Amino acid sequence: MWRRLRSALGRLRAPPAALPAMERAVVRCVPSEPKLTLRLVLPDGSARHMQRDKAEPLGRVLARIAANTAKGNAKAAKKSKKARAAGAPAEEAPAEVPAVRLFSRDGEAVAEEVPNAAAWQDGSVLHIGEARYRVERNRPALTELRLPRSLLAGFPVCPKVSAEFAAPQHCLFRWYREQRPSAGGEAAAGDGPDWVETAVAERVFIPSNALVGLRLKLQCTPGDGAQRYGPPREVESSGPVEAGPGACIFDSRHVYTRKVCGEGSVRAVTYNILADIYAQTEFSRTVLYPYCAPYALELDYRQNLLKKELAGYSADLICLQEVDKSVFVDSLAPALDAFGLEGLFKIKEKQHEGLATFYRRDKFSLLSQHDIAFNEALLSDPVHKELRDQLAKYPLVQEKVLQRSSVLQVSVLQSTSDPSRKICVANTHLYWHPKGGHIRLIQIAVAFSHIKHVACDLYPSIPVIFCGDFNSTPSSGTYSFINSGSIAEDHEDWVSNGEEEKCNMPLSHPFKLLSACGEPAYTNYVGGFHGCLDYIFIDRNYLEVEQVIPLPSHEEVTTHQALPSVSHPSDHIALICDLKWK
């Protein structure tokens, strides 16, 4: 049998210059997998999905295709005889083996000894008898296409697009809206909606008020940037476009951030976005935020506002706190990717929320990540040995520190326009309890030891931007420590939870930091508290402030009593500033 197949494989001559219309043979071959896959429809109409070893000689695959084709042809012939002579006995048709060869793009026959991984190249042509198949190797393909569940007029609709051998920025997008029924007209039973293509061919679609009540449909064709496109997919919204809230608190700030900063400048944002796991509790609805309409605490609603707010800041760096993992993966990362930002995520294991840092791709590239959990680093990293030894004298405090799941996100970025410019971006969310000043001091001491290791040892003399929700007002020991570089062992914050948990440790750090946005009256405004808890600290030796984007007015913040509200997605307010290298 093998001799017959090899003989058949050799019958075919080189392909002619002009080829007839071709079918497709789709090959998937990636370094991380031991086998490649080949999908095609044989001349008899049967679909084949073959998995073959990459190192296997091409001849064996071609022989298998020839054998499968012969069997398929024989079955087709048998069925044809039965159809022509119903009831007459049908003889088994002889398995005529077709000639099967693979030709490279330049028309040369590929030798049967060539391994599969090298043989099946994009653009090569497979011959099965008279049939021709163009090989598409690692064809762009969509693995996920999803629209948000909630659509608001005037707010960006950012689809989640996941692809293989393609990139969302190279995909083609076509948006459709439902056809509004004519007055008194009803669709026929069982008929689907009629769709009308819109004029928008971009990845992000902003529905107008005219589309309220109508559903949307998106068609996406995956592309790889090299003029190769895969099969399109469509997705329809699960519900119609709804009316938006009108003006939002952040709208007036967008006036200052319509354009991305120029070369040599960096726009930085820090923002606690209020995790859904904290917003969707009975305590939150009835005690923390009783003034907020229940629908405005829903995740889908708040995500609409948040995506519009963040996109409108045209930032180069965004540090977020209280980011639910699902929000990062399914909402923020896809949305901000559409606006040119790459995202990094560090989870707090116990809370299922964490930190996210985004950077503008055309301004920065990621050199390295150095994320830690404070408790784990304090226990195991030699960098913290001195602090660990001091803390061992206070077992009650030590236990509390080790119970906390707070994390630190540290990313080293490099300027794409000037590779000599590197920057260390740190992002954190310190322990929240009002009587936890001593815990926060220890956490920030761990943070500075770690940042020193990165910004002084691993990358000597690179500037630091340290963002976050520090849960510390300007009068606190933590803020004083960050600003001055030291904290005395007799500072009152060491007894913030009483004498029983008193710990007296002098601390210091080497950085000269400045609060870029100063000391606002508040960055957190809820019914029972308002104060400044969030900061963007910059290395004053290397960076200076160009402008601080004004915070909303007190009248705006209190329009609906406090935050969050129907016009603001969080109980915190974002801090935004433009920085430049000295």
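Helices and strands are taken here as DSSP runs, of at least four residues for a helix and at least two for a strand, and are numbered from the N terminus. On this basis the secondary structure of the protein chain, in what is a predicted model, comes to 14 helices and 29 strands. The radius of gyration of the chain is 31 Å, well over the 25 Å that the globule rule gives for 582 residues, so the chain is more spread out than a compact globule. Along the principal axes, the C-alpha atoms fill a box of roughly 100 × 70 × 45 Å, and buried residues account for 51% of the 582 residues.

The domain assignment divides the chain into domain 1 (23-69 + 99-137), domain 2 (141-182 + 193-236) and domain 3 (249-581). Between domain 1 and domain 2, the C-alpha centres are separated by 34 Å. Domain 2 and domain 3 are both represented in the lining of the second largest pocket, to which each gives at least three residues.

The largest pocket has a volume of about 1,000 Å³. Its lining comprises 36 residues, of which Glu322, His429, Trp432, Asp469 and Asn471 are the closest to the centre of the pocket. Helix H6 (282-288) and strand E25 (524-526) each supply at least two residues of this lining, and the contribution of H6, at four residues, is the most that is given. Classed by residue type, the lining of the largest pocket is made up of 13 nonpolar, 15 polar and eight charged residues.

The second largest pocket holds about 340 Å³ of space. It is lined by 18 residues, and those closest to its centre are Pro148, Arg149, Asp300, Asp330 and Ser331. Helix H7 (299-312) and helix H8 (325-338) each provide at least two residues of the lining of this pocket, which by class contains seven nonpolar, five polar and six charged residues.

Apart from the pockets, the count comes to one cavity of 30 Å³ or more, and about 40 Å³ of space lies within the largest cavity. The residues that line the largest cavity are Leu378, Leu379, Arg388, Leu391, Gln398 and Leu402. Helix H9 (374-380), helix H10 (385-391) and helix H11 (395-403) are the elements that give two or more residues to this lining, in which four residues are nonpolar, one is polar and one is charged.

The structure holds zero disulfides, and the surroundings of two cysteines were considered with this in view. A disulfide requires a pair of cysteine sulfur atoms within 2.5 Å. For Cys158, the closest cysteine sulfur is that of Cys220, and because the two sulfurs are 14 Å apart they are too far from each other for a bond. For Cys261, the closest cysteine sulfur belongs to Cys577, and the separation of 9.3 Å is likewise too far for a bond. Residues under 20% relative accessible area are classed as buried; Cys158, at 5% relative accessibility, therefore counts as buried, as does Cys261, at 10%.

Several local features of the backbone were also identified. The peptide bond that runs from Leu563 to Pro564 is cis, with omega near -5°, and Pro564 is placed in the loop between helix H14 (554-557) and strand E29 (575-581). The loop between H14 and E29 also contains Gln561, a residue other than glycine whose phi is nevertheless positive, near 85°. A positive phi, of about 70°, is likewise found at Leu274, although this residue is not a glycine. Leu274 lies in the loop between strand E13 (265-272) and helix H5 (276-279), and, with a relative accessible area of 3%, Leu274 is buried.

A further residue, Lys346, is located in strand E15 (residues 341-348). At 22% relative accessibility, Lys346 counts as partly exposed, since that class begins where the buried class, under 20%, ends. Lys346 and Val407 are 61 residues apart in sequence, and in space the C-alpha atoms of Lys346 and Val407 are separated by 7.6 Å.

How values were computed. Residues are numbered from 1 along each chain as its sequence is written. This is a predicted model: local features need pLDDT of at least 70, side-chain atom pairs count only at pLDDT 80 or more; totals for chains, interfaces and linings use all residues. Side-chain values use heavy atoms; hydrogens and water are left out. Buried means under 20% relative accessible area, exposed over 50%, partly exposed in between (1.4 Å probe, protein chains only). On a 1 Å grid over the protein atoms alone, a cavity is a set of points where a 1.4 Å probe fits but cannot get out, and a pocket is an open set with protein on both sides within 12 Å along at least five of seven lines; lining residues have an atom within 4 Å of a point. Grid points are joined across faces, edges and corners, and a volume is the space filled by probe spheres set on the points. Ala, Val, Leu, Ile, Met, Phe, Trp, Tyr, Cys and Pro count as nonpolar, Asp, Glu, Lys and Arg as charged, and the others, Gly among them, as polar. Domain bounds come from an automatic or database domain assignment. The radius of gyration is taken over C-alpha atoms; the globule rule is 2.2 Å times the number of residues to the power 0.38.
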